[in-house]
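This report describes the architecture of one protein chain, from its overall fold to selected packing details. The sequence and the structure are shown first.

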Amino acid sequence: SLGANAIRVYTLQPPAFYRALAEHNAAAGARHLWLIQGVWAELPPGDEFDEPAYLEGFHARIRRVIDAVHGDLVLAPARGNAHGVYDADVSAHTLAWVIGREWEPFAVVAYDAMHAGSCSHDGRFVSVTAGRAMECWIGRSLDFAASYEAQRHGVGRPLTFANWPTLDPLRHETEANRAEEDLWRLELKGIPLPERSAPAWDDDAISVDATRLSGTRRFGPGVFASY
């Protein structure tokens, strides 16, 4: 009744959500509702996105979400997570996958510093050209998702990753960065710096450029940018 034609969810929902979507779209005269399904992720220990246990867990989450949307998953209870019998196949109503989430700038800075220099990824479905470490990691993650859906379910759909203005490729020269703001606090206004439980936040510290990623020729659905 809102006039919406799509709904985006950041993470796996309970089975009732997908059953309700299937029932809605099957109803006579219903306004079709597309699903844009996300795969949630937390930050890795020490901002090392290649840490084996972290990567294994993230790939397992990707597989679970894809299987759930295809109505092919039984998921045991886990604290803070959806679970149950996923028996409603809503893949025909799924417009795209959104892999990951909007990453904190300090985590991207740290990971890129651990793996300095330019990189590329020549995947089966997704490629990255002249990227940095985080862009290549995202590209590999998208390639994993596309490869799994193709192998397990024989289909594919458009892919993107969650991004936001904090990591956009623009430089905002007229805006102060974190170091400048801290200096002004101390020298000009005498304001003590706040105690920080995490590295200082800087919206202009680094970028993740979606134009570095693209779908390969064998991947018709393609990769698109999302902010």
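Read along the sequence, the chain follows the pattern β-α-β-α-β-β-β-α-β-β-α-β-α-β, with five helices and nine strands in the protein. The model is a predicted one. Its C-alpha atoms fill a box of roughly 65 × 40 × 35 Å along the principal axes. Of the 227 residues, 43% count as buried. Among contacts between residues at least 6 apart in sequence, 69% join residues at least 24 apart.

**Nonpolar core**

The largest nonpolar core has 49 residues, and the members that touch the most others are Ile-99, Trp-103, Met-134, Trp-137, Ile-138 and Leu-159. Helix H4 (residues 133-153) supplies the largest share of this core, nine residues. For Ile-138, the contacts outside the range of four places in sequence are with Trp-103, Phe-161, Val-208 and Leu-213.

**Packing of H3 and H4**

Helix H3 (residues 105-114) packs against H4 at an angle of about 95°, and the two axes are 8 Å apart. An angle between 65 and 115 degrees counts as roughly perpendicular, and H3 is therefore roughly perpendicular to H4. On the H3 side of the contact stand Val-108, Tyr-111 and Asp-112, which meet Ala-133, Met-134, Trp-137 and Arg-140 in H4. By class, this contact comprises five nonpolar and two charged residues, and no polar ones. Met-134 and Trp-137 thus appear both in the contact with H3 and among the core members with the most partners.

**The three-stranded sheet**

An open sheet of three strands has the order E6-E7-E9, with antiparallel pairing. Strands E6 and E9 stand at the edges with a single partner strand each, so one side of each is left without a neighbour in the sheet. Direction ignored, neighbouring strands of the sheet are turned by 20° against each other on average. Helix H4 packs on this sheet and touches E6, E7 and E9, while its direction makes about 175° with that of E7. The elements that meet here are listed below.

| Element | Residues |
|---|---|
| Strand E6 | 119-122 |
| Strand E7 | 126-131 |
| Strand E9 | 213-215 |
| Helix H4 | 133-153 |

E6 and E7 form a hairpin with three residues between them, and they pair in the antiparallel sense over three bridges. Within this pair, Cys-119 stands opposite Gly-131 in E7. Side chains alternate along E6: Cys-119 and His-121 point to one face and are buried, whereas Ser-120 and Asp-122 point to the other and are not buried.

**A buried aspartate in H5**

Is Asp-182 buried or exposed? Asp-182 is located in helix H5 (residues 178-187). Its relative accessibility is 12%, and residues under 20% count as buried, so Asp-182 is classed as buried. Apart from neighbours within four places in sequence, Asp-182 is in contact with Leu-193 and Arg-196.

**Summary of H4**

Helix H4 recurs in several parts of this description. H4 contributes the largest share of the largest nonpolar core, packs against H3 at an angle of about 95°, and touches the three strands E6, E7 and E9 of the sheet.

Key. Residues are numbered from 1 along each chain as its sequence is written. This is a predicted model: local features need pLDDT of at least 70, side-chain atom pairs count only at pLDDT 80 or more; totals for chains, interfaces and linings use all residues. Side-chain values use heavy atoms; hydrogens and water are left out. A nonpolar core is a set of buried Ala, Val, Leu, Ile, Met, Phe, Trp, Tyr and Cys residues joined through side-chain atoms within 4.5 Å. Buried means under 20% relative accessible area, exposed over 50%, partly exposed in between (1.4 Å probe, protein chains only). Helices (H or I, at least four residues) and strands (E, at least two) are DSSP runs, numbered from the N terminus. Contact means heavy atoms within 4.5 Å. Axes are lines fitted to C-alpha atoms, for helices over the stretch in contact, and angles run from 0 to 180 degrees between N-to-C directions. Angles under 35 degrees count as roughly parallel, over 145 as roughly antiparallel, 65 to 115 as roughly perpendicular and the rest as oblique. Ala, Val, Leu, Ile, Met, Phe, Trp, Tyr, Cys and Pro count as nonpolar, Asp, Glu, Lys and Arg as charged, and the others, Gly among them, as polar. Two strands pair if DSSP finds at least two bridges between them.
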